[in-house]
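Reader: I have a model open on my screen. Please walk me through its packing, with short questions and short answers.

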Amino acid sequence: MTRRSVPRLPGPLRRIRAFAGHLGLLAALGLVAALLATGAPRLANRYADQGLSQDVDRLPYQSRDLIFTRTPDPHEPIDPAAAAARLDPIRDGLTAPLPGLVHRQWFSGQIGPDDLRALGDSPALSGGCRASLPLRAQPGLDHVATMVAGRWPVSDGSTVEAVISRDAAEVLRLGVDSQVTLTGRGFGAGTVPVRIVGIYQPVDPAAPDWDGIRLADVPCEDPTAGTTWRVPLLTDLSGLADVARRLPTVTYTWRYRVDEQRLSTTHLPGLMAAIGEVRRAATGDGPRLTTSLDAALSTFDAQLRSVRALVAVVQAGILATVLGLIALAAGLVVERRRAELTLLRARGASASEVGGWFLRETALVLPVAVLAGWALGRLAPGRPAEVELPLVAALVVGTTLAVPLLAMVGQRRTSVVGQRRDLVRHRPSLRRLTAEAVVLLLAVLGVVLLRQRELGQTGEVDPYLASVPVLLASAAALVALRIVPWPLRGLLWVAARARTAVPFLGLARAGRGAPVTVLPMAVLVVAVATGIFTSVVTSTVAEARDQVSDREVAADARIVSVTYLEPETGDRLAALPGVTAVSGVATEPGQRLRSRNPDGSGGPSLGQAQVMVMDGPSLAKVLAHSGIDIPLPPAFTRPGRLDGPVPAVVSPEVAEDLGPGVFLTEVQGRQYAFTVDTVASTFPGLAADARRFVVLPWQALPVPDFQPVRPDQFLVAGAGLSPAALTAAAEAGQRAYLATVLGKPIEEVRTLPVTVTTWEEHRRTLERSGVNRLLSFTFHTGVAGAVALALLAVGFAVLAEAPARGRVLSRLRTMGLSRRQGRGLLLYELVPLVGIAVLAGGLVGVALPRLLGPALDLTRFTGGLPAPVHVDPFLVAGVPLLVVVTLLAALGVESLVNRRTRLGEVLRLGEED
């Protein structure tokens, strides 16, 4: 029986199998690097595109749609059918890429509501405040509605037919065969009878087809008369043409909806330019464009540039750390095979041949690993980055050549005589000093450039500027390595006089740079700086958003009504469970400001401003009970009524227009005098971006009893507040006011919308902006990635010195060193260097938001409010915890290495050293 011969593997494959652990670690890092370089940008693009779609979808139709309107000259009328036929040609004439992004379009022609009056037998069509019933034709509505009664209109030239919605029919008390007379206003206006032939119900009342058609509350012509209803009567194109001949003021509308699902951030520049070109072209007698889509896109683009700057900084830090780990792993491979390399050189191999020896191994493993990471990254949803393929190719080349190049560099000078390299002290070479100086210079120059301009102001992020934080962290690592020996010498002097030798031995090895050299230190500092920077930016944005909510809500809950409320509403709110303080607010948007003449009359206009009347003492109480620390001016909170001008708080822009003196403004039809007491950029209860405002102290106003100031908002403080109960109390106060104004029983008064916004809900809305998911993804990725990579950096530092440390421990074991003392030796080696690295990285991470503040422009995420750098106390506590976790990870790695290689065998295995 003969033994079957086992085929021998080729040399490279045998070496790969022999050193599978080292190459596998390098391959895993290459896979992770490719996965991050491929998957992270795709996810970022995905979140950015989703945010853009959500922001556009939330816009009202008047802002998001491209709306072309035209009111033809009565002497040159346009037939409604001919106008409807222009729907497709107008769309096709839009500037690219708009035609390909439009997915819904509508045409409508409407007469009224301006200069049009509707008369009829319904109580809503008689009296002083009649309902508004414009006449509208919009083809295609019969496909998105069902007839509840009657039929769709078919005007034959003798009678104009129309239909009305079921909700409007119930409110206006109209039905099939009801007669409505439309009368124009002005000299020579005609009269047109319209017969209602059907009542319809929309299949989906929220569908965009019904924008501008739904039943709506509108103020009466006389504001003191309250509100009435507005709803169009729907007719066909023939009926609209008949009415247009007698009531010639007809307005045609061509409306186009951009599909938000087709939008991506790559469309932003072209889309904004296209809308601007269409707007410039829509002049003269043709249709005029009305839209705010380009303004919304511009706002989103500005936020996106800031987020991309943050993403670029975090990605640069994470990617630089991963590449540093790859270099550490490659150095570990070379170090483990140093004896093999020395033997090759002793047998006559050149440095290039040594590189080729390793290249035959890495070329079989590492490209496959990187391509596998690329394949996994492509599974992530989202668009690929433009530099994805070049970056993956660079990773393939870099990881494959890392080991051969390090082996060649290390074998430029070879020696077959073993020596303790940790005892050899080398003075830094001129080349190394020059390299370190260049890193410092590039870091400083990058900071200067970043403070002069935004990181992504051109839409594309400059790679050099994005890598400035990495350069700063690397520079901090270089400085730390120069500083470390000095304090360690003092510690060594103290340890040398201690009774135990473990601290002295550990600190001595640390002072000689045994566990950490330049590259591990730089990798650790970059990882820590990236994580701290991300955490500081996160806490800064969160703190600024808290301040925005404090100022805009100014309470635990804020109640806003579209009309006035009875003053007694405050008592109803105060009686609710959980309510501890209530303050009323009266708002007057766009009021004129005038100087007061010596005779008390109003002088020339000094511009307009938003006027708010707030009770100072109750507002201070609400702020205190809500836990909001915003000081109020003493004059504003001083109780007591004043017969003369009251002290007001005004914005800087208003103060500049007013100057010194006494001024007048109107509040609910009555003039009040005020002086400028305090100039403030913001005030509780106002929007953070308010620029022109005047706030008057309610308690000081000389308000007559016969004309009281009625609130339209309330600020409520308390715990466990019920939004439903707050809404019900506000609606009761609203009904009481409307019943008094309209002279109707309170049971017949229909309430108008009341909005209750809690502090928590307002805070959440600040996080619902389109770019917020991308911002959160960046924050979470930066923190988690930095922590994981910092632990890996320490692990590599421990692995790199494991053989030398094993020999030291083996020798010390023969002298009675215990296992516990062996672990203490590692801790004494690592604590000074890891502590200094974490401290250096932490200082860089905290300083980066201040240094890069103008470039990052975090105010775009905080509603315009300044975002001073804020360090979370939990972060301060987390830094020592990170050091502890890092040291525990180092002990774990050391224990694992010791299990795999018995310390008793290390002396025999390493006798050549």
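Author: Two strands count as paired if DSSP finds at least two bridges between them. Keep in mind that this is a predicted model.

Reader: In which sense do S6 and strand S8 pair, parallel or antiparallel?

Author: S6 covers residues 160–165, and S8 covers residues 191–202. The two strands share 6 bridges. At least two are needed for a pair. The sense of the pairing is parallel.

Reader: Which residue in S8 is the bridge partner of Val 163?

Author: Val 163 sits in S6, on one side with Glu 161 and Ser 165. Its bridge partner in S8 is Gly 198.

Reader: How many residues of strand S6 are buried?

Author: Take the two faces in turn. Val 160, Ala 162 and Ile 164 lie on one side, and they are buried. Glu 161, Val 163 and Ser 165 lie on the other, and they are buried too. The count for S6 is 6 of 6.

Reader: Which residues have the most contacts inside the largest nonpolar core?

Author: Nonpolar side chains tend to be buried together in soluble globular proteins. The largest nonpolar core here has 163 residues. Ile 164 touches residues outside its own stretch of sequence, among them Leu 172, Ile 196 and Val 231. The residues with the most contacts inside the core are Phe 68 and Ile 164.

Reader: Which helix gives the most to this core?

Author: The core in question is the one with 163 residues. One helix, residues 293–336, gives 20 residues to it. That helix is H10.

Reader: How far apart in sequence are the parts that Tyr 47 and Phe 777 tie together?

Author: There are 10 aromatic pairs. In one of them, the rings of Tyr 47 and Phe 777 have centres 5.3 Å apart and planes at 55°, so the pair is tilted. Tyr 47 lies in helix H2 and Phe 777 in helix H26, so the pair ties together parts separated in sequence by 730 residues.

Reader: Which strands hold Phe 663 and Phe 674?

Author: Phe 663 and Phe 674 form a tilted aromatic pair, 5.9 Å centre to centre, with 40° between the planes. Both Phe 663 and Phe 674 are buried. They lie in strands S18 and S19, respectively.

Reader: Which residue lies over the face of Trp 254?

Author: Trp 254 belongs to a cluster linked by ring pairs, together with Phe 107 and Tyr 252. A residue lies over its face at 5.7 Å from the ring centre. That residue is Arg 86.

Note on methods. Residues are numbered from 1 along each chain as its sequence is written. This is a predicted model: local features need pLDDT of at least 70, side-chain atom pairs count only at pLDDT 80 or more; totals for chains, interfaces and linings use all residues. Side-chain values use heavy atoms; hydrogens and water are left out. Buried means under 20% relative accessible area, exposed over 50%, partly exposed in between (1.4 Å probe, protein chains only). Helices (H or I, at least four residues) and strands (E, at least two) are DSSP runs, numbered from the N terminus. Rings of Phe, Tyr and Trp (its six-membered ring) pair if their centres lie within 6.5 Å; planes under 30 degrees apart count as stacked, over 60 as edge-to-face and the rest as tilted. A charge sits over a ring if NZ of Lys or CZ of Arg is within 6 Å of the ring centre and within 35 degrees of the ring normal. A nonpolar core is a set of buried Ala, Val, Leu, Ile, Met, Phe, Trp, Tyr and Cys residues joined through side-chain atoms within 4.5 Å. Contact means heavy atoms within 4.5 Å. Lists of a residue's contacts leave out its neighbours within four places in sequence.
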